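Notebook open, structure about to be loaded. I'll jot down what I look up as I go.

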Amino acid sequence: MQRWLFLILIGLTSPASAASIDQSLLKLDPEERAHQVCILKGIDDIKRSKKLRHVDRVKTSILSRAKFDGTTVVANGGAVRANNHWYQLKFTCAVTSEQMKATSFTYELGPEIPESQWEDLGLWK
C-alpha cells in the first residue's frame with residue numbers, strides 16, 4: 001500500500017476505530033509499519049511544538065532513504081509539509097518491537113524545499 005494512501009485512510013478514520021487502524025498496520029511489512037507509526041507520531045509531535053503551522057504530512061525518504069533496524073527509523077533526508085510548503089526534516093523515531101507504536105520522535109527541521117524541486121522529489125502542494 002502506498003504511504004500516502006495509507007495516511008489518507010487513517011485521516012478518514014475516527015478515533016473510535018483504532019482497532020481497524022491496528023488491523024491495517026498489521027497487514028504491512030515491519031519496515032513499512034514502522035515508517036507509518038513514525039509518520040503519525042511525527043505529525044503529532046511537530047504540530048504540538050508549534051514550530052510550523054498546519055503540519056499535515058511527513059515523508060521519510062525524500063532526499064535519502066531512511067534506515068530501519070527493527071526498533072528505530074532514522075531519516076536524514078525526510079520532509080514535512082506545513083501550510084502547503086515542504087521543509088527538510090531529519091528525525092529519529094523509536095518504535096515498539098512489533099512496530100505498532102512509536103515511543104519517541106526527535107527531529108530537526110531544515111530549510112524550505114523550493115517548489116521547483118517538488119516534482120523531482122515526489123512532493124505535491
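How many aromatic pairs does the structure hold? I get three. Note to self before going on: this is a predicted model.

**Aromatics**

I looked at one of those pairs, F105 with Y107. Their ring centres sit 5.8 Å apart and the planes make 40°, so I log the pair as tilted, since that class takes whatever falls between stacked (under 30 degrees) and edge-to-face (over 60). I then checked who else belongs with them, and F91 joins F105 and Y107 in one aromatic cluster.

Is F105 buried or exposed? F105 comes out at 8% relative accessible area, and because the cut-off for buried is under 20%, I put it down as buried.

**Strands**

Next I went through the strand pairing. β3 covers residues 72–82 and β4 covers residues 85–95. The two run antiparallel, and I find nine bridges joining them. To fix the register, I looked up T72, whose bridge partner in β4 is A94.

I then followed β4 to its pairing with β5, residues 102–112. That pairing is antiparallel too, over eight bridges. Which residue in β5 stands opposite A94? It is S104. So my notes on A94 now read: T72 as bridge partner, and S104 opposite in β5.

**Hairpins**

I checked the backbone in both connections. The hairpin of β3 and β4 has two residues between the strands, and N83 takes a positive phi there, near 55°. The hairpin of β4 and β5 has six residues between the strands. Which residue takes a positive phi in the hairpin of β4 and β5? That one is Q99, near 60°.

**Disulfide**

I searched the whole structure for disulfides and got one. C38 and C93 form it, with their sulfur atoms 2.2 Å apart. It ties distant parts of the chain together: C38 is in helix α3 (residues 30–49), C93 is in strand β4, and the two are 55 residues apart. I also looked up the angle about the S-S bond, which is -90°, making the link left-handed.

Are the two cysteines buried or exposed? C38 has a relative accessible area of 0%, and C93 also has 0%. I log both as buried, because the cut-off is under 20%.

**Where I stopped**

β4 keeps turning up in my notes: it pairs with β3, it pairs with β5, and it carries C93 of the disulfide.

Conventions: Residues are numbered from 1 along each chain as its sequence is written. This is a predicted model: local features need pLDDT of at least 70, side-chain atom pairs count only at pLDDT 80 or more; totals for chains, interfaces and linings use all residues. Side-chain values use heavy atoms; hydrogens and water are left out. Two strands pair if DSSP finds at least two bridges between them. Helices (H or I, at least four residues) and strands (E, at least two) are DSSP runs, numbered from the N terminus. A disulfide is a pair of cysteine sulfur atoms within 2.5 Å. Buried means under 20% relative accessible area, exposed over 50%, partly exposed in between (1.4 Å probe, protein chains only). Rings of Phe, Tyr and Trp (its six-membered ring) pair if their centres lie within 6.5 Å; planes under 30 degrees apart count as stacked, over 60 as edge-to-face and the rest as tilted.
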